Each structure stands twice: as structure tokens, then as C-alpha cells.
Amino acid sequence: MSLLPQLRYPTLTQLVASARALAAHRPGLCVLRQVGVSRAGRPLHLLSVGHARRAVLIVAGAHANEPTGGPTLLALAERVLSERELRADTSWHFLLCADPDGASLHRTPAPRSLFDYHLGFFRPAAEEQPEWSPSVLPPHRLPPETRALTRVIDELRPYLQATLHGTDLGGSWVQLTKDIPGLAEPFAKSAAQLHIPVETGASDAAGWAASGPGVHVMPSPGAGAAYPSMPDDARHSTWYDTHRYGGLTAVVEVPMWASDLVDDPAPHPAPAAAIRRLARRLLRDALEVERVLAEALPRLEGLDGPLLRAAKWALELVPGLAADWMHTPPADNTMAYVGSVDAFGRRLPLRAAAMLLRVLQDADDRAAPGLERLVATWSDAFAERFRARWVPLEHQVEHQSRTVVAAALYARDRAA
């Protein structure tokens, strides 16, 4: 019985319907229950498979713009049901979507291009992201989605939390809160078989230790950050909640569009100079979006929705990040790392522009057509620079699923 939608990213409604059908099909093994509500009152659902005390928790939908996690979650649930050995001494629990409000705003049914993807783009500000909010907010201000996720972790005490993330363009990589010896080999083998590049110099993991290509281990809480200006620190996120019970978290990233430029371990001839150029471009691009925002703001008086808040938040990150790149020695000197920083520098103002565009379109504002042309130009330039090639959805799902299963098996042996 396959419930995985074909070739399209399922909506949250479709995800819940598939999970409900799975629970009805195997009622002795599966339970679907509500574990909380979002700020807007949308339910958060947890699908549990198996009854063992030892637990794995899978989290999808923590970032609304990373839609592969939903179909991966369904594929994993089906695999656990079909492979008895995976649930012999382990129960598996699937949080269908950690941010249902965000999922209602990001629209990616079947993007044909990066421009198409950005026309429906949404990614909330850090304080509105369920996994990241503890790194920027005091405990009494945490959103209900974060509190629900924390309660699930406290209830299950998983030896592994696997959170399903993705990138628009680049490669695949894994972030671990503790090392999982042996994981790098099956991860690399899966990526090679499915023709997915490994992002060996991921800027998200700048300065972290690597237990293998693309498998990065987060630094201890007392270590310095590679980008000091960034307000959100992974070491204060919900990823570390599993440590209270001796567990760990694996963040598994897969790309929608692949680029071999992020999988080049060769030394860059002048990494510091290259990153300084990227910092200057980042400032120029952000300034273009800020000008549009400043000109339109008087006409948007009274508006303060999540799209506008997120666009402003993305722009607010730019000056500090550019200063980090200009004045901090590169965390890595490879072509792959400089490529990843290049992608990050393009991504931030493009996302701000895309979300502001949606605000202007909804308001029928006169600045919308010009901003749409800018989003199209930047999207096309991004794809051309990185020679973007689409990764079939079934390959995204298969690679992410394989990596999660390998992490669960190796982490189980580590915890034994």
C-alpha cells in the first residue's frame, strides 16, 4: 500500500490524510494523534509506528520552504511498516509538520524553475521558526509549536531525532549534534548512486568538524561561532533537547536543484578575497530590495503579516553577515566552501525580495512589476551560475530516507 504522492510535493492536508489512512490500514501498529496547535490554531499531528520504548523521532516541515521532508516522512513510515527489523526494538514517531502556519504560506506544488519556486516562497523570521526560536527568545515567549515539539521530545526521550531539511540549490549534507561513527560511508554512497552532490563546504556548518565529506558535527555550546553576527545559534535550538536523555539530532539536508560547484574539495586560489567580493555583492543586492521596501512602506501602512516580517528580518541579517565575511578569516579554503557562501549570499536578498513581492502583489502595489523582474533576474542568474539541475523528487526522498535509516541504525549501536 503506497501512500506517497508522485512527482509533487504534498500539501499538509494531503500529508495528514495519508497518515490517517496509514493508521487506519495498520491500527495495531500505528496511532495518529494531535500533540499541539499552532499560533493560528492549526493542529500538529504525530504518527507513531510500533510500541518499543526505544524511540526515533522524525520531524518534517520545520522550515516551510523545504518541502521534501513531507514525502520523505511518508516514505519512512511505509518503510518502517514493511521492514520488521526496523521496528523490532524501536518505535518510530513522525511529526508531520512542525510549522503548519508556515506550510500554509509557502507554495511549492511542482516548481518548474527557481523563479517559480520563489514566486510562492515563505520562510518565517527566526523567532517564528519552531526549532530555532529558543535560540533567540526567552522561554516564556516561545511559540506553541516549539513547546509542542519540546513536549514530544520529553515524552519520547528519543535516542535519535532526525529533522528533515533541504536547500533550494546546492548539495546534500548532514549536521549532527554528536558524531555518529560510520554514517559518512552510507551517506556518500547514497548520494553518489542518486547523482546528488555532497556539499562538503556547507556554509551552514562553517568551522565545524567533519566526520566525513558532508557530515558535520556541531561544536560544543562554548565554542565560538563562525559568523558572530548571526542571532540564531543551533546549539540553543530544539536539536539539543535530545541531549537531556542521552540522545542526539541529525539534520538531513537534500537539494531540490543540484550543483556540482558545492562538491569541489580543491583549494580556492584566494578564498578571503573571493568572500569579500561576495560580501560587497550581498550588500548591493540587499540595498536594491531595501529601496523598494522604503518606497512602498508608506503605502503599506498598517500591514504587519508574516511575509513582511520575514522579508524585513532577512534584510536585517545582511549588514552583520557581510561584516563577518569581510573581517573574519574564511572557515574553509575550498572551492566548495566559497561556492556555498556564494549561494548563501545570493539566497538571502532573493528571499527577501520574493516575500516582499508577494506582499506588494497582494496590495496591488505599483512597485510589484519591477520587483518581480528583479526576482526573475536573480533566480535565473542563480541557476545559471551554479549550473542548476533538477533532482527528481523520488531521488530527494530516497536519499533523505536512506540517510535517516542509516543514522538510526548507527546511532542505535552507539547508544547500546
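This passage looks at a few residues of a predicted model, starting at its surface and then turning to buried positions.

On the outside, four arginines come together: Arg 276, Arg 277, Arg 280 and Arg 284 make up a positive surface patch. One of them, Arg 276, sits in helix 7, which spans residues 271–296. Its relative accessible area comes out at 34%. Since partly exposed covers the range between 20% and 50%, Arg 276 is therefore classed as partly exposed.

Another arginine, Arg 351, belongs to helix 9, made of residues 335–362. Here the relative accessibility is just 13%, and buried means under 20%, so Arg 351 counts as buried. As for its surroundings, setting aside residues up to four places away in sequence, Arg 351 touches Asn 65, His 118, Phe 121, Arg 123 and Asp 168.

Then there is Gly 247, which is found in a loop rather than a helix: the stretch linking strand 8 (215–217) and strand 9 (248–258). With a relative accessibility of 0%, Gly 247 also falls in the buried class, because that class takes in anything under 20%. Once neighbours within four places in sequence are left out, Gly 247 is in contact with Pro 158, Tyr 159, Lys 178 and Thr 242. The chain also brings Gly 247 and Ala 55 to a C-alpha separation of 9.9 Å, although the two are 192 residues apart in sequence.

Notes: Residues are numbered from 1 along each chain as its sequence is written. This is a predicted model: local features need pLDDT of at least 70, side-chain atom pairs count only at pLDDT 80 or more; totals for chains, interfaces and linings use all residues. Side-chain values use heavy atoms; hydrogens and water are left out. Patches are made of residues with over 30% relative accessible area and no salt bridge: like charges are joined within 9 Å, nonpolar side chains (Val, Leu, Ile, Met, Phe, Trp, Tyr) within 5 Å. Accessible areas come from the Shrake-Rupley method with a 1.4 Å probe; for residues, only the protein chains shown count as cover. A salt bridge is a side-chain nitrogen of Lys or Arg within 4 Å of a carboxyl oxygen of Asp or Glu. Lys and Arg count as positive and Asp and Glu as negative; His and the chain ends are not counted. The place of a charge is taken as NZ of Lys, CZ of Arg, CG of Asp or CD of Glu. Helices (H or I, at least four residues) and strands (E, at least two) are DSSP runs, numbered from the N terminus. Buried means under 20% relative accessible area, exposed over 50%, partly exposed in between (1.4 Å probe, protein chains only). Contact means heavy atoms within 4.5 Å.
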